[in-house]
Amino acid sequence: MTLRTSVGIIGAGPAGVLLAHLLHRAGIESVVLENRSRDYVERRVRAGVLEPGSAQLLRDAGVGDRLDREGLEHGGIHLRFGGESHRIDFKELTGRGIFVYGQQEVVKDLVQARIDAGAPILFEAEAREIRGIDEQRPSILFSYQGHQEWLECDYVAACDGSHGIGRATMLARGAVMYERNYPHAWLGILAATPPAADELIYAYHERGFALHSMRSPTVSRLYLQVPSGETLEEWPVERIWSALRQRLNEPLLEEGEILDVGITAMTSLVIEPMQSGRLFLAGDSAHIVPPTGAKGMNLALADVAVLAAALTERIKGGRSETMSSYTVNCLQRVWRAEYFSNFMTQLLHREPLEDDFDNRLHLAQLRYLTSSSAASRSLAENYTGAATGTVALAKSGLDS
Ligand SMILES: Cc1cc2nc3c(=O)[nH]c(=O)nc-3n(C[C@H](O)[C@H](O)[C@H](O)COP(=O)(O)OP(=O)(O)OC[C@H]3O[C@@H](n4cnc5c(N)ncnc54)[C@H](O)[C@@H]3O)c2cc1C
């Protein structure tokens, strides 16, 4: 069987479902192919910080009600190191706060909007090959319910994350991959325990980084730096809680049932260009950041705001300028976020061969960041997205 549509979208992560939604609002048909089940994508625990520009993008797209009801607005973060605790006041420094709202909740809202609109989204449909991207009608071969099918379209948006076929197709056409792997990973838990603080705590400790975050007044999201290649067997529950208490300097951190646990490798990666013929990459298929800067989901949402605007201008208005400058329009923001995420990672993590000298360098930089208003403002601008340009680009995606 061959299906036909205007934009074939691979992946129902934040990038894929937001793109489908923005196109639908612009009156453009698309089909979303997702290789996992609906239940799986709606429960997949990953990122949880939305820049104000991302939150506004979701509101403007009509999917911000639950975010406004259940999301937690934070005016700053705490930085802890060497027995000290300092608050970086984002609101005072930039006039903007951030929103804590789980990525799976963003996906849930957008999948529901898609289903309410009666628009096609196929779960457990695995894209296997993209063909004909230099031709008028490219197509995607996918397997669905035991059959091989074709989705014929005008444009292909590969929003299929780090292990999808979009990036591989782009690399086979000569795209360049810039990559850095870090010697550490994050062990993350979601736990049924009330947050120990009202805002995120980023902790630098000589035994390694830790992050205290939350998803609701009763559920916390906590992370520990572990060496890359570490397995969960090496981290029994007792060891996780004890390391969290020590590194976060929260001796009273309450234990709770662990609802989710996983170890995520840390990588920085950018594919250039993000477009070839009628194929576009968006989100993690095009770039990966280590999670320390909380940029992954925000970059994915901002990419598709730009892409939706470009496709709308082309399909509805017959103009292709924005479409052909998609890569250029995204890369400046992407590299700014890459820089900031790498900066935060190096600042807050211990490298395997670091000595006492390095430890004192980390502490000196952290003291500077928390005592200089210029340095604090720079961190606040980057963290909230004022410096990464997400807000302006997200807005341009909606204005078209
Ligand atoms: C394990 C993990 C943990 C993370 N934790 C954090 C965090 O704590 N903080 C943070 O800021 N960021 C985190 N991130 C980054 C953030 O979650 C991503 O940047 C974000 O998910 C990007 O969204 P996306 O839509 O581009 O890709 P994804 O969310 O990866 O979505 C891609 C979708 O494509 C589907 N897919 C893949 N291949 C195919 C195929 N062949 N056919 C059909 N569908 C396909 C996948 O199933 C998936 O649903 C994490 C990422 C990962 C992988």
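No disulfides are present in the structure, a disulfide being a pair of cysteine sulfur atoms within 2.5 Å. The model is a predicted one, in which local features need pLDDT of at least 70, side-chain atom pairs count only at pLDDT 80 or more, and totals for chains, interfaces and linings use all residues. Residues are numbered from 1 along each chain as its sequence is written, and side-chain values use heavy atoms, with hydrogens and water left out.

Two of the cysteines illustrate the point. For Cys153, the closest cysteine sulfur is that of Cys159, and the 12 Å between them is too far for a bond. The sulfur of Cys159 in turn has that of Cys330 as its closest cysteine sulfur, at 11 Å, again too far for a bond. Cys153 is buried at 0% relative accessibility, and Cys159 is buried at 7%; buried means under 20% relative accessible area, exposed over 50% and partly exposed in between, with a 1.4 Å probe and protein chains only.

Cys153 also appears among the partners of Ser6, a residue in contact with Ile28, Glu29, Cys153, Asp154, Tyr155 and Ile315 once neighbours within four places in sequence are left aside (contact means heavy atoms within 4.5 Å). Ser6 sits in the loop between strand S1 (2-4) and strand S2 (7-10); helices (H or I, at least four residues) and strands (E, at least two) are DSSP runs, numbered from the N terminus. With a relative accessible area of 10%, Ser6 is buried.

Leu23, in helix H1, is likewise buried, at a relative accessible area of 0%. Not counting residues up to four places away in sequence, Leu23 touches Val7, Ile9, Ile28, Ser30, Ala308, Leu311 and Thr312.

Turning to the ligand, 31 residues surround it, of which Glu34, Arg44, Gln103, Tyr223 and Asp284 come nearest; a residue is near a molecule or strand if one of its heavy atoms lies within 4 Å of it. Helix H1 (14-25), strand S3 (30-34), strand S10 (125-131) and helix H9 (296-317) each contribute at least two residues to this shell. Polar side-chain atoms of Asp284 and Arg46 lie 2.7 Å and 2.9 Å, respectively, from an oxygen atom of the ligand. For Asn35, an N or O atom in the side chain is 3.0 Å from a ligand oxygen atom. On its own, the ligand has 990 Å² of accessible area, and the protein covers 87% of it (Shrake-Rupley method, 1.4 Å probe).

Key:
A polar contact is a pair of N or O atoms within 3.5 Å; within protein, one must be able to donate a hydrogen and the other to accept it, and residues adjacent in sequence count only if both atoms are side-chain atoms.
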